[in-house]
Amino acid sequence: MQETTILWADDEIDLLKPHILFLNEKGYKVKTVTNGTDAVDAFKSDYYDLVFLDENMPGLTGLETLSEIKSINNDVPIVLITKNEEEPMMEDAIGSRIDDYLIKPVNPKQILLTIKKLTENKRLVTEKTTMAYQQDFRSLGMTLNDNLSYQEWVDVYKKLIYWELELERLEDAGMHEILTLQKAEANVQFCKFIEKNYIDWLKNPDTAPLLSHQLFKKKVFPKLDTTPVFFILIDNLRYDQFRIINPIISEYFRLEEEDTYYSILPTATQYARNAIFAGLMPLDMEKRFPGMWQNDEDEGGKNLHEEAFLGDNIKRMLRRDCKFSYHKILNIDEGRSLNESVNNLMNNELNVVVYNFVDMLSHARTDMQMIRELASDDAAYRSLTLSWFEHSPLLDLLKFLSQKQVKVIITTDHGTIRVKNPSKIIGDRNTNTNLRYKQGKNLNFNAKEVFHIRNPHDAMLPKLHVSSSFAFAKEDSYFVYPNNYNHFVNFYNETFQHGGISLEEMIIPVVTYGVK
C-alpha cells in the first residue's frame, strides 16, 4: 500500500514529537512546519494525503492557511486543531469547509482515528461492504431455491437493489459482476414463479398480492378525508430509481408508508396504467368501455381516457361525490403551468398527476445515440433519472406541497429492464410491435423462452380473434423477427424495454408521504 503522507502545521510542533513518532511507527510519513506560510509553501511543493492545522499560529492563522491550501487543491482533507471551543469559531471552521476538527489536548488514538476516517475510509468501506455482500450472497443463493411467496420475492428484490446501490459506490468490478449474475438467476426463478401463480392470482384475489387494478381501492381511496391527496404517478419508474430520489423527497416530507404492488401483465402503459385508473382488468375495461378501450391493433392513442376511467372508478368504489383533478405532464412547460395553478387544486379531495418523463427517457435512449451514451447501463440510467428529478418542475411541486396540509402518494405503473438476449418469434402482420410481449394469431416461438397464455381471457385480457394468444418475454430477453434479426439486434440490444416478466418490471413501489 502506498505510504500516506501528512502535513502538520503547529507553532508548538516540538511538543507533538511523541505523536509524530507514534504515527511514524504506524507507517505514516509526517512533514512538520511551525507556521501557516511554511505550510502553504510545503503544500505547493509536495503532495499530501492529509493536513493538520493548528488554529492559533503566528502570521497566517489556521483558517487563513486553510483558505490558501483549499485554493491550491480543494480535494485534500484538512483537520483543524484548536483550543477554542466557542460556537462562532466552530461555525467559521465548518463554513471554511474543514473535514474535521480536534480539541486540544489531542491524544495519539484520536489522531489515528481521524487519519483512518479521512484517508482510508474508502478502502475500509469497500472491504466491509464486500465482506457483507459475500455473506449475504450465500444467504440469497439459498433463498432463491426456496418456494418463495410473493412478499418474499419483494424482499429478495429489495435486497438485490440494496446491494446493487451499495456496490455501485465501490470500484470493484468483480463484485458487481457477481451481483449481476445473482440478479439474473433471481429473475430466472421469479419468472417461473409468475408462470406458476399469475393466473391463479386473478382467479383467487384473496391469495394474491396487490395488483395494478386494486391500487386506488386499497391505497388511495382509504386515505381520502379532509386532507387533500396528491397521487403522483411517474411513468416507468423502477424501484431502484425510486430509491435514489426518495432521500430528496424525504427532505421535505415524512415517509408514512413504503409498500409495493405487482404490475399486471402486460407490464405496458396501455394495460397497466389504464388498469390503475379504471380499477378494472383490461378484459373488464373492454366490456365496460367499448368506445374508449383501445386494443393493440386499434389506431390511435392507448391512454387517452384515464381521467374518464378514474371518474368511473370513483363513482363505483366511493358511491359518493368526490372532487378530483387529473393532469398529464408531457414536458417541462406543462409541469411549470401546473405549478402556477396548484393553489386552485387545494380544495379537491384528490389530485392526480401523471409524469411521463422517465418513460420518454427510456424511449429516447432507444432512439437517440446521445441518450444511449448518457444512460449506457443501469447505474447511468439511475443517474440520469436523479438529475432530471433534481431539476424538474415535479420537485418544485413537491416543495410547494410540503408547506401545505396534504398527503402525497408516489408510484408508477410498471418498471423496465435492459434487454440483452434476442428471442425469435413469428407472427402475422397484425401482431403488435412491443418487444417484450406479443399478441396475435398463430404465434410461433421457442416455448422455453416465453410465458404463453393461450386463452387471453384466463389472464383477464381481451381476445381479438379466436386464435389470439399472448406471449411474454422473460428475464432480459426481447422478441425479434427472423427476417430482420440483425437489424433488431443491432438497434435494440441493451435498450430499456417493458411489457414482459421480470423483477424490474413487475415489483412496483407505492409510497405515502405526510408533511413534517
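A residue is counted as buried when its relative accessible area is under 20%. In the predicted model described here, Asn 236 meets this criterion, because its relative accessible area is 0%. Asn 236 is situated in the loop that runs between strand S6 (229–234) and helix H10 (239–250). Although not a glycine, Asn 236 adopts a positive phi of about 70°. Most residues other than glycine have a negative phi, and most peptide bonds are trans.

A second residue with such a backbone conformation is Glu 494, which is likewise not a glycine and has a positive phi of about 70°. Glu 494 belongs to the loop between helix H19 (485–492) and strand S18 (496–497). With a relative accessibility of 29%, Glu 494 counts as partly exposed, whereas Asn 236 is buried.

Cis peptide bonds are also present in the model. One connects Lys 104 to Pro 105, with omega near -5°. Pro 105 is located in the loop between strand S5 (100–103) and helix H5 (108–119). Another cis peptide bond joins Leu 265 and Pro 266, with omega of about -5°. In this case the proline, Pro 266, is found in the loop between S7 and helix H11 (269–278). Strand S5 also contains Tyr 101, a residue that counts as partly exposed at 32% relative accessibility. The C-alpha atom of Tyr 101 is separated by 17 Å from that of Gly 36, and the two residues lie 65 residues apart along the chain.

At the level of the whole chain, the protein comprises 20 helices and 19 strands. Of its 516 residues, 54% count as buried. Taken along the principal axes, the C-alpha atoms fill a box of roughly 95 × 55 × 40 Å. Among contacts between residues at least 6 apart in sequence, 75% join residues at least 24 apart.

The packing of helices is illustrated by H2 and H3. Two packed helices are described by the angle between their axes and the distance between the axes. For helix H2 (residues 36–45) and helix H3 (residues 62–72), the angle is about 10° and the axes are 9 Å apart. Angles under 35 degrees count as roughly parallel, and H2 and H3 are therefore roughly parallel to each other. On the H2 side, the contact is formed by Gly 36, Ala 39, Val 40, Phe 43 and Lys 44, which meet Thr 65, Glu 68, Ile 69 and Ile 72 of H3. By residue class, this contact of H2 with H3 consists of 5 nonpolar, 2 polar and 2 charged residues. Gly 36, one of the H2 residues in the contact, is also the residue whose C-alpha atom is separated by 17 Å from that of Tyr 101.

The largest nonpolar core contains 106 residues, of which Tyr 198, Phe 231 and Tyr 262 touch the most other members. Helix H8 (residues 173–203) supplies the largest share of this core, with 11 residues.

Aromatic pairing was examined next. The structure holds 35 aromatic pairs. One of them is formed by Tyr 150 and Tyr 262, whose rings are 6.4 Å apart centre to centre with 85° between the planes, an edge-to-face arrangement. This pair links distant parts of the chain, since Tyr 150 lies in helix H7 (residues 150–168) and Tyr 262 in strand S7 (residues 253–262), 112 residues apart. The two partners differ in burial: Tyr 150 is partly exposed, with a relative accessible area of 30%, while Tyr 262 is buried, with a relative accessible area of 2%. A further pair is that of Phe 193 and Trp 201, whose ring centres are 5.7 Å apart; the planes stand at 65°, so the pair is edge-to-face. Phe 193 is buried, with a relative accessible area of 9%, and Trp 201 is buried as well, with a value of 5%.

The residues of both pairs belong to a cluster linked by ring pairs, which joins Tyr 150, Trp 153, Phe 190, Phe 193, Tyr 198, Trp 201 and Tyr 262. Tyr 198 and Tyr 262 appear in this cluster and are also among the residues that touch the most other members of the largest nonpolar core.

Conventions:
Residues are numbered from 1 along each chain as its sequence is written. This is a predicted model: local features need pLDDT of at least 70, side-chain atom pairs count only at pLDDT 80 or more; totals for chains, interfaces and linings use all residues. Side-chain values use heavy atoms; hydrogens and water are left out. Axes are lines fitted to C-alpha atoms, for helices over the stretch in contact, and angles run from 0 to 180 degrees between N-to-C directions. Helices (H or I, at least four residues) and strands (E, at least two) are DSSP runs, numbered from the N terminus. Angles under 35 degrees count as roughly parallel, over 145 as roughly antiparallel, 65 to 115 as roughly perpendicular and the rest as oblique. Contact means heavy atoms within 4.5 Å. Ala, Val, Leu, Ile, Met, Phe, Trp, Tyr, Cys and Pro count as nonpolar, Asp, Glu, Lys and Arg as charged, and the others, Gly among them, as polar. A nonpolar core is a set of buried Ala, Val, Leu, Ile, Met, Phe, Trp, Tyr and Cys residues joined through side-chain atoms within 4.5 Å. Buried means under 20% relative accessible area, exposed over 50%, partly exposed in between (1.4 Å probe, protein chains only). Rings of Phe, Tyr and Trp (its six-membered ring) pair if their centres lie within 6.5 Å; planes under 30 degrees apart count as stacked, over 60 as edge-to-face and the rest as tilted.
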